[in-house]
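Please take a look at the fold shown here. What can be said about its cores, sheets and helix packing?

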Amino acid sequence: MHELAVAQRLVAMIVEEAVRSQAHKIERVRLRLGHLSHVEPSSLELSFAAASRGTLADGAELQIERTSGAARCLLCGAQTVVARHGAACSACGECALLVEGGEELRLVSLEVS
Ligand SMILES: [Zn+2]
């Protein structure tokens with residue numbers, strides 16, 4: 001399961017960060033997740049709960065901010081918001097979009113105690 005691998009990497013990263021700042025517990029984790037990132041937020045939450053069990057991140061609140069997919073049309077140059085890969089340009093209708101944003105999965109902030 002893809003989300004579990006993502007969650008395990010995330011937990012490893014934030015635990016390392018928490019240990020470095022000599023924290024005892026991770027309280028809250030904020031992530032930015034693009035609509036085109038191939039990660040399902042609800043299954044990431046479940047995977048995060050499983051992957052963090054017994055670590056400093058156990059019981060931490062996971063907050064996920066969604067960002068929309070941004071693309072530029074190679075034919076007409078229009079900038080458009082897309083919900084999925086392979087979408088058509090909203091201006092000319094051609095499927096010639098170059099994705100410029102919305103694929104990210106980024107750690108925004110970490111609250112520890
Ligand atoms: Zn176009």
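The questions and answers below go through the cores, the two sheets, the helix pair and some single residues.

Q: What kind of model is this, and which pLDDT do side-chain atom pairs need in order to count?
A: Residues carry numbers from 1 along each chain, following the sequence as written. The model is predicted: totals for chains, interfaces and linings use all residues, local features need pLDDT of at least 70, and side-chain atom pairs count only at pLDDT 80 or more.

Q: Which element supplies the largest share of the largest nonpolar core?
A: A nonpolar core is a set of buried Ala, Val, Leu, Ile, Met, Phe, Trp, Tyr and Cys residues joined through C-beta atoms within 7 Å. The largest one has 15 residues, of which Ala 7, Leu 10, Val 11, Ile 14 and Ile 26 touch the most other members. At least two residues each come from helix 1 (2–20), strand 1 (26–34) and helix 2 (41–52); helices (H or I, at least four residues) and strands (E, at least two) are DSSP runs numbered from the N terminus. The largest share, six residues, comes from helix 1.

Q: Which residues does Ile 26 contact, leaving aside neighbours within four places in sequence?
A: Contact requires that the C-beta atoms of two residues, placed from the backbone, lie within 7 Å. By that criterion, the partners of Ile 26 are Ile 14, Ala 18, Leu 56, Ala 57, Ala 60, Leu 110 and Val 112.

Q: Which strands are the edge strands of the sheet with order 2-1-6?
A: This sheet is open, has three strands and shows mixed pairing; two strands pair if DSSP finds at least two bridges between them. Strand 1 and strand 6 are antiparallel and share seven bridges, with Leu 33 bridged to Leu 105 of strand 6. Pairing on one side only marks the edge strands, strand 2 (61–67) and strand 6 (105–112).

Q: What angle does the direction of helix 1 make with that of strand 6?
A: Axes are lines fitted to C-alpha atoms, for helices over the stretch in contact, and angles between N-to-C directions run from 0 to 180 degrees. Helix 1 packs on the sheet and touches strand 1 and strand 6. Its direction and that of strand 6 make an angle of about 40 degrees.

Q: Are helix 1 and helix 2 parallel, antiparallel, perpendicular or oblique to each other?
A: Residues of helix 1, including Leu 4, Ala 7 and Val 11, meet residues of helix 2, including Leu 44, Phe 48 and Ala 51. The two helices pack at an angle of about 50 degrees, with their axes 8 Å apart. Angles under 35 degrees count as roughly parallel, over 145 as roughly antiparallel, 65 to 115 as roughly perpendicular and the rest as oblique. Helix 1 and helix 2 are therefore oblique.

Q: Which strands stand at the edges of the sheet with order 4-3-5?
A: This open sheet of three strands has antiparallel pairing. Four bridges join strand 3 (residues 69–73) to strand 4 (residues 79–82), and four bridges join strand 3 to strand 5. Each edge strand has a single partner strand, so one side of each is left without a neighbour in the sheet; these are strand 4 and strand 5 (97–101).

Q: Which residue takes a positive phi in the hairpin of strand 3 and strand 4?
A: Five residues lie between the two strands of this hairpin. A phi near 85 degrees is taken by Gly 77.

Q: Is Cys 73 buried or exposed?
A: Cys 73 is found in strand 3, and its C-alpha atom is separated by 6.2 Å from that of Cys 89, 16 residues apart along the chain. A residue is buried if 20 or more other C-beta atoms lie within 10 Å of its own, exposed if 12 or fewer, and partly exposed in between, with C-beta atoms placed from the backbone. Cys 73 has 20 other C-beta atoms within 10 Å, so Cys 73 is buried.

Q: Is Gln 22 buried or exposed?
A: Gln 22 lies in the loop between helix 1 and strand 1. Its phi is near 55 degrees, a positive value in a residue other than glycine. With 7 other C-beta atoms within 10 Å, Gln 22 is exposed.
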